[in-house]
Amino acid sequence: MTRLVSASILSADLLNLESEIKKIQENNVDMIHFDVMDGVFVPNISYGIPVLQQLNRVVDKYTEIDVHLMITDPLKYIEAFDKAGADHITFHLESASNPAETIKAITQTECTAGIAIKPGTPAEEVFPYIDDNLTMVLVMTVEPGFGGQSFMDMSGKIQKIRNYANEHGFNNLLIEVDGGIDDKTAPIVKNAGANVLVSGSYLFQAENMADAVGKLKA
Ligand code: DX5
Ligand code: ZN
């Protein structure tokens with residue numbers, strides 16, 4: 001099973017984003033996780049389309065950009081994020097946009113589609129959308145909005161989604177986890193069936209990023 005590491009640049013040194021991207025690319029990270037917050041869907045505001053466009057000038061072709069939209073009406077912005085250089089677009093099931101229409105809009109671009117669920121949203125709510133058009137389910141292991149929070153164990157939910165996907169022939173479904181992932185929590189989510197790990201503060205605070213990535217992948 002592939003276990004991809006997606007580095008959340010919310011915890012990067014934003015004044016030195018170019019060197020941070022280079023560091024990510026030199027240290028075996030597979031994806032760059034780009035958290036977009038609108039101050040309405042979550043109680044924080046991060047960065048958006050202009051920053052993503054600029055990022056593409058330094059991101060190499062081996063590193064995919066994993067956009068996590070924590071915004072109220074993601075459907076409105078799918079085209080803009082695709083044009084700005086996203087490779088994967090994940091939106092929240094709890095947002096105001098119609099999930100089926102949003103998945104359709106994403107798959108009509110060059111991007112692959114993901115649905116994210118907050119800690120309080122049951123696994124079953126995502127089941128109706130698991131099919132060939134959905135590449136990824138993102139299980140939040142913190143309440144979305146901030147980096148550096150403590151991990152909430154969502155193993156039961158991850159297992160339910162993995163079992164449902166396998167039973168229905170979607171064995172390639174990616175299950176991503178986001179929030180409080182480090183060398184201690186990674187084994188818990190991997191055992192439950194997650195295969196894409198987002199990590200922000202753990203990676204950027206590590207003295208040696210390559211070692212930290214290695215521990216997440218081990
Ligand atoms: C939280 C974001 C996360 C966050 C993860 O709302 O979606 O991607 O940056 O940060 P850590 O790994 O520090 O919990
Ligand atoms: Zn995120």
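**Entry 1: strand E8 and its neighbours**

I began with one pair: Val 5 has Leu 197 in E8 as its bridge partner. A note to self before going on: this is a predicted model. Stepping back to the strands, I found E1 (residues 4–8) and E8 paired in the parallel sense, with four bridges between them.

I then looked at E8 for its other partner. Strand E7 (residues 174–178) also pairs with E8 in the parallel sense, over two bridges. Here Glu 176 stands opposite Val 196 in E8.

Which way do the side chains of E8 (residues 196–199) point? I noted Val 196 and Val 198 on one side, Leu 197 and Ser 199 on the other, and every one of these is buried.

**Entry 2: the whole barrel**

Next I wanted the overall layout. Eight strands close into a barrel, and I wrote down the order as E1-E2-E3-E4-E5-E6-E7-E8, with parallel pairing. From one strand to the next, the twist averages 25°.

I picked one more pairing to follow. E2 (residues 31–37) and E3 (residues 64–70) run parallel and are joined by seven bridges. Within this pairing, I found Val 36 matched with Leu 69 in E3.

**Entry 3: the zinc ion**

Which residues coordinate the zinc ion (ligand 2)? I listed His 33 through NE2, Asp 35 through OD, His 68 through ND1 and Asp 178 through OD, at 2.0 to 2.3 Å. The site has six donor atoms, and with angles of 70 to 172° among them I logged the site as octahedral. Along the sequence, the donor residues follow the spacing H-x1-D-x32-H-x109-D.

Why does the histidine pair tie together separate parts of the chain? His 33 is in strand E2 and His 68 is in strand E3, so the two link parts that are 35 residues apart in sequence. I also checked exposure: both His 33 and His 68 are buried.

**Entry 4: His 92, beside His 68**

His 68 led me to His 92, since the side chains of the two make a polar contact at 3.0 Å. I located His 92 in strand E4 (residues 88–92). Is His 92 buried or exposed? Its relative accessible area is 0%, so I put it down as buried. Leaving out residues up to four places away in sequence, I saw His 92 touching a set of residues including Phe 41, Leu 69, Met 140 and Pro 144.

**Entry 5: Thr 141 and Ile 181**

Now for two loop residues. Thr 141 is in the loop between strand E6 (134–140) and helix H5 (155–167). I noted a relative accessibility of 0% for Thr 141, so this residue counts as buried. What does its side chain reach? I found the backbone oxygen of Gly 179, at 2.7 Å from the side chain of Thr 141. Beyond its neighbours within four places in sequence, Thr 141 has contacts that include the zinc-coordinating Asp 178, and Ile 181 is among them too.

That took me to Ile 181, which is in the loop between E7 and helix H6 (186–192). Its relative accessible area is 4%, so Ile 181 is buried. Setting aside neighbours within four places in sequence, I counted Leu 197, Val 198 and Ser 199 among the contacts of Ile 181, which brought me back to E8. My last check was a distance: the C-alpha atoms of Ile 181 and Gly 148 are 9.3 Å apart, with the two positions 33 residues apart along the chain.

How values were computed:
Residues numbered from 1 in each chain as written. Chains lettered and ligands numbered in written order. Predicted model: local features only at pLDDT ≥ 70, side-chain atom pairs only at ≥ 80, totals over all residues. Heavy atoms only, no water. Pairing = 2+ DSSP bridges. Axes fitted to C-alpha atoms, helices over the stretch in contact; angles between N-to-C directions. Donors = N, O, S within 2.8 Å, 3.2 Å for Na, K, Ca; no water. Tetrahedral: all angles 85-135°; square planar, octahedral: opposite > 155°, others 65-115°. Buried < 20%, exposed > 50% of the residue type's maximum accessible area, 1.4 Å probe, protein only. Polar contact = N/O pair within 3.5 Å; in protein donor to acceptor, adjacent residues only side chain to side chain. Contact = heavy atoms within 4.5 Å.
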